[in-house]
Amino acid sequence: MFETKGTHLTWQRVERFLLRGSGLTPARFDLMHALGKKGLKQSALWRRLNVCRSVVCEMIQALERLGWVTRFRAADSRTWIVRLTRRGRELFERTYARCVESGDATMHADCGLARGHVETNTRAVREQLLWWCDGVQDVFRVQERSARRDLYLWHPEDYCFHLIEPGDPPGDIPVVS
């Protein structure tokens, strides 16, 4: 368990490094990514991020103060709709282009999975990691898999063609919309 927690904290450190200078934390980046172009109901947002309601509520309030998101009541007057503001959208898109579309995030992930050897093909390691992660999540999942939509494509079949072929540029990294 300590190794798993340590790995999680290491990924968080790498994400903070990649996001440096943007004003975004990994959690803020994920929330803004989850909102997409159209926004989401607040109840759908905490489910999609798989965190508790209060965490999302506090984060939305912080992002509202920064002018990056806005929220308003839906027609039923009970549901909150959360959307990125123009300023928030520009910040997110700029940061996404710099960190993800550039291939930097993938390069760092591959470097970690290949124990520092960036020239190593990490497909087998990714598949093994995903197998283990899926197993743990299937046993201890809070929500049914069918009720969730993943924010990031992590299945090797979905994206590794674009990312790990030696000598190929990263190209377009698929995004779940």
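## Burial and the predicted model

A residue counts as buried when its relative accessible area is under 20%, as exposed when that value is over 50%, and as partly exposed in between. D110, with a relative accessible area of 10%, is therefore buried. The model described here is a predicted one.

## Salt bridge between helices α6 and α7

D110 pairs with R126 in a salt bridge, and the closest N and O atoms of the two residues are 2.1 Å apart. D110 belongs to helix α6 (residues 104-113) and R126 to helix α7 (residues 123-140), so this salt bridge ties together parts that are 16 residues apart in sequence.

R126 is buried, at 3% relative accessibility. Its partner D110 is buried as well, at 10%.

## Other salt bridges

The count of salt bridges in the model is five. Among them is the pair E93 and R89, with the closest N and O atoms 3.7 Å apart. E93 and R89 lie four residues apart in helix α5 (residues 86-101), which means that about one helical turn separates them. R89 is buried, with a relative accessible area of 17%, whereas E93 is partly exposed at 38% relative accessibility.

Another of the five joins the side chains of R71 and E64, at 3.6 Å from N to O. Here R71 is buried, its relative accessible area being 18%. E64, at 29% relative accessibility, is partly exposed.

## Cysteines

The number of disulfides in the model is zero. For a disulfide to be counted, a pair of cysteine sulfur atoms has to lie within 2.5 Å. C57 is partly exposed, with 25% relative accessibility. C99 is buried, with a relative accessible area of 4%.

## Packing of helices α2 and α3

Two packed helices are described by the distance between their axes and by the angle between those axes. For helix α2 (residues 26-35) and helix α3 (residues 42-49), the axes come within 10 Å and cross at roughly 125°. An angle over 145 degrees would count as roughly antiparallel, and one of 65 to 115 as roughly perpendicular. The angle of roughly 125° falls in neither class, and α2 and α3 are therefore oblique to each other.

The crossing of α2 past α3 is right-handed. On the α2 side, the contact is made by D30, L31, A34 and L35. On the α3 side, L45, R48 and L49 make the contact.

Note on methods. Residues numbered from 1 in each chain as written. Predicted model: local features only at pLDDT ≥ 70, side-chain atom pairs only at ≥ 80, totals over all residues. Heavy atoms only, no water. Salt bridge = Lys/Arg side-chain N within 4 Å of Asp/Glu carboxyl O. Buried < 20%, exposed > 50% of the residue type's maximum accessible area, 1.4 Å probe, protein only. Helix = DSSP H or I, 4+ residues; strand = E, 2+ residues; numbered from the N terminus. Axes fitted to C-alpha atoms, helices over the stretch in contact; angles between N-to-C directions. Parallel < 35°, antiparallel > 145°, perpendicular 65-115°, else oblique. Left-handed = near helix turned anticlockwise from the far one by under 90°. Contact = heavy atoms within 4.5 Å.
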